[in-house]
Amino acid sequence: MKFAYADPPYFGQGTKRYGDHPQGAKWDCKDSHFALVDELNSNFDGWALSCNPHDLRWLLPHCPDDTRVACWVKTFHQIRPTTVQYAWEPVLFRGSRKNNKRKPMVRDWLSHVATRKKGTIGAKPEAFNQWILELLNYETGDILVDMFPGSGGMSAVIKNQN
């Protein structure tokens with residue numbers, strides 16, 4: 001099977017966080033995110049997409065009806081000067097390989113510390129990348145395209161699994 005994982009710059013953060021990158025500003029437009037969802041649906045058997053909780057209200061309606069929302073709960077996160085701390089991140093996913101009897105079963109949430117690799121904004125920890133593979137029911141021999149490879153963390157997890 002052919003899967004994809006996408007962790008694009010979150011809406012409105014392209015120029016701010018990736019201004020020196022030629023594609024940074026394009027992620028400040030909702031149409032770029034809609035086009036990404038369309039590409040995921042057209043080119044892959046299954047996919048997972050990290051996003052910002054605030055963006056669920058406009059991003060999720062653009063996804064197919066069978067898209068599910070998983071949750072990464074960050075046990076340690078950046079403290080922001082607001083009343084409510086957003087210590088979770090949604091992961092939209094669909095089209096995973098069906099296997100209702102697999103053991104161990106996979107939860108639609110992960111509670112794990114957020115780690116930051118120097119030089120890579122938004123890098124995900126190894127446990128997160130492994131969880132994405134489990135959500136999709138990735139198996140050795142499958143293809144997984146990391147559409148925003150950044151730190152290379154997903155590739156390292158796949159390499160260790162194969």
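## A cavity, a pocket and a helix pair

Counting cavities of 30 Å³ or more, we end up with one. Keep in mind as you look around that this is a predicted model.

What lines the largest cavity? Going along the chain, you meet Pro8, Pro9, Tyr10 and Phe11, then His33, then Leu49, Ser50, Cys51 and Asn52, and finally Asp55 and Leu59. The volume of the largest cavity is about 60 Å³.

Now for the second largest pocket, which holds about 440 Å³ of space. Its lining has 16 residues, and those closest to the pocket's centre are Arg68, Phe93, Ser96, Arg102 and Leu135.

Here's how the residue classes split up for these two linings, along with a helix contact we'll get to next.

| Group of residues | Nonpolar | Polar | Charged |
|---|---|---|---|
| Lining of the largest cavity | seven residues | three residues | one residue |
| Lining of the second largest pocket | four residues | four residues | eight residues |
| Contact of H4 with H5 | five residues | four residues | one residue |

So, on to the helices. Two packed helices are described by the angle between their axes and the distance between the axes. Helix H4 covers residues 126-136 and helix H5 covers residues 153-161; their axes come within 9 Å and cross at roughly 65°. Because angles of 65 to 115 degrees count as roughly perpendicular, H4 is roughly perpendicular to H5. The crossing of H4 past H5 is right-handed.

Which residues make the contact? From H4 come Glu126, Asn129, Gln130, Ile132 and Leu133, while H5 brings Gly153, Met154, Val157, Ile158 and Gln161.

Terms used:
Residues numbered from 1 in each chain as written. Predicted model: local features only at pLDDT ≥ 70, side-chain atom pairs only at ≥ 80, totals over all residues. Heavy atoms only, no water. Axes fitted to C-alpha atoms, helices over the stretch in contact; angles between N-to-C directions. Helix = DSSP H or I, 4+ residues; strand = E, 2+ residues; numbered from the N terminus. Parallel < 35°, antiparallel > 145°, perpendicular 65-115°, else oblique. Left-handed = near helix turned anticlockwise from the far one by under 90°. Contact = heavy atoms within 4.5 Å. Nonpolar A, V, L, I, M, F, W, Y, C, P; charged D, E, K, R; others polar. 1 Å grid on protein atoms, 1.4 Å probe; cavity = no way out; pocket = protein on both sides within 12 Å on 5 of 7 lines; lining within 4 Å. Points joined across faces, edges and corners; volume = space filled by probe spheres on them.
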